[in-house]
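This report describes selected backbone features and helix contacts of one protein model. The sequence and structure come first, and the description follows.

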Amino acid sequence: MLDLTQDVRALTAAIVDIESVSGAERRLADEVERALSALPHLKVDRSGETVVARTQAGRPERVLIAGHLDTVPVAANLPSRVEGDLLYGCGTSDMKAGVAVALKLAASVPAPGRDVTYVFYDCEEVEAERNGLTRVARDHPDWLAADFAVLMEPTDGVIEGGCQGTLRAEVTVTGKRAHSARSWLGVNAIHGIEPVLARLNAYEARRPVVDGLQFHEGLNAVGVRGGVAGNVIPDQCVVTVNYRFAPDLSIEGAQEHVREVFDGFEVAFVDAAPAARPGLTHPVAAAFTEAVGGTPRAKLGWTDVARFSALGVPAVNYGPGDPNLAHQQGEYVSLPKIVESERAMLDWLST
């Protein structure tokens with residue numbers, strides 16, 4: 001069983017050494033459940049490979065601290081190893097260091113100033129329908145009830161408010177098929193994507209300020225699909241674009257913007273996930289910001305704070321890992337950053 005009394009740095013290494021690639025989190029979820037069930041001040045529930053533990057002290061406010069148990073596939077980077085002040089290994093930064101901090105808090109703060117719900121969930125790194133938070137929100141929404149949430153995503157120890165939304169769209173250009181030996185009898189759809197790419201090259205991304213934080217949007221081609229055979233003029237070519245949009249836009253507003261950019265072309269939307277506002281104006285969030293310190297910044301990627309926002313729970317990202325190292329073979333986390341994160345979170349929960 002995981003020893004929650006050990007130093008948070010050693011606990012991080014122990015968690016990293018339990019392989020938990022998306023879809024194979026059971027062993028780690030079992031260890032987490034056993035360790036938390038041994039703590040009398042927590043009520044522990046489980047759904048699949050998601051473990052939820054709650055204090056029930058009757059405080060007027062409840063906060064939620066969440067972290068995902070899964071990692072991307074191992075890339076010859078297990079077991080973990082320490083070099084100087086750095087811990088190397090799969091998932092060290094994204095986000096087992098954050099999970100270790102949350103587990104230490106669960107064990108060491110039996111009577112927090114606010115009631116706390118700890119959520120350790122599965123399948124964050126894969127498609128949305130497998131995400132443990134999606135399942136719990138559907139089957140046990142009361143488990144996620146809170147006034148404020150902290151997602152222990154890697155942020156390098158800086159509060160990152162909200163997140164940008166994301167959508168993918170397919171812009172289709174049509175032509176006329178012909179034999180390539182008589183190309184003048186056809187219309188080459190691949191050649192026809194030039195104006196689509198020109199609009200993308202000329203595109204100026206918005207950088208709106210939302211709730212005091214500056215976001216930076218992006219609209220980019222991420223794929224091109226076309227061609228029939230080596231001797232055929234293609235009659236269709238599809239450019240896949242990805243739009244990362246700030247939280248002042250809904251999915252519908254983001255889609256309308258993409259339609260405007262590609263006016264005159266056929267546009268079909270493939271998928272989308274909503275943005276989330278920073279949520280830093282909530283009194284509990286203000287207390288969290290004061291305890292952590294530093295200057296909050298916008299989360300430019302998409303994270304599960306959007307799921308909490310959809311549930312009416314303001315949420316921020318905060319964790320000791322460096323997001324720039326996530327998913328790399330040489331992924332690591334700074335050991336002092338883990339200690340710093342634990343101290344800041346302890347200060348917050350103890351007040």
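Proline 79 lies in the loop between β3 (62-68) and β4 (81-83). Strands here are DSSP runs of E with at least two residues, helices are runs of H or I with at least four, and both are numbered from the N terminus. A cis peptide bond, with omega about 0°, joins leucine 78 to proline 79. Another cis peptide bond joins aspartate 94 and methionine 95, with omega about -10°. Methionine 95 lies in helix α3.

This is a predicted model, in which local features need pLDDT of at least 70 and side-chain atom pairs count only at pLDDT 80 or more, while totals for chains, interfaces and linings use all residues. Residues are numbered from 1 along each chain as its sequence is written, and side-chain values use heavy atoms, leaving out hydrogens and water.

Two residues with positive phi are listed below. For accessibility, buried means under 20% relative accessible area, exposed means over 50%, and partly exposed is in between (1.4 Å probe, protein chains only).

| Residue | Phi | Loop | Relative accessible area |
|---|---|---|---|
| Cysteine 123 | about 55° | between β6 (115-121) and α4 (132-139) | 5%, buried |
| Histidine 327 | near 75° | between β18 (315-317) and β19 (332-334) | 45%, partly exposed |

Neither cysteine 123 nor histidine 327 is a glycine.

Helix α3 also takes part in a helix pair. Two packed helices are described by the angle between their axes and the distance between the axes. The axes of α3 (residues 92-108) and α9 (residues 335-350) come within 10 Å and cross at roughly 40°. Axes are lines fitted to C-alpha atoms, for helices over the stretch in contact, and angles run from 0 to 180 degrees between N-to-C directions. α3 and α9 are therefore oblique to each other; angles under 35 degrees count as roughly parallel, over 145 as roughly antiparallel, 65 to 115 as roughly perpendicular and the rest as oblique.

On the α3 side, Ala97, Val101, Lys104, Leu105 and Ser108 meet Ile338, Ser341, Glu342, Met345, Leu346 and Leu349 of α9, contact meaning heavy atoms within 4.5 Å.

Helix α1 (residues 8-16) has Val8, Leu11, Thr12, Ala13, Ile15 and Val16 buried. Their cover includes α2 (26-37), β5 (86-88), α3 and α9. At the start of α1, the backbone nitrogen of arginine 9 has a side-chain oxygen of aspartate 7 within 2.8 Å.

Notes: A polar contact is a pair of N or O atoms within 3.5 Å; within protein, one must be able to donate a hydrogen and the other to accept it, and residues adjacent in sequence count only if both atoms are side-chain atoms.
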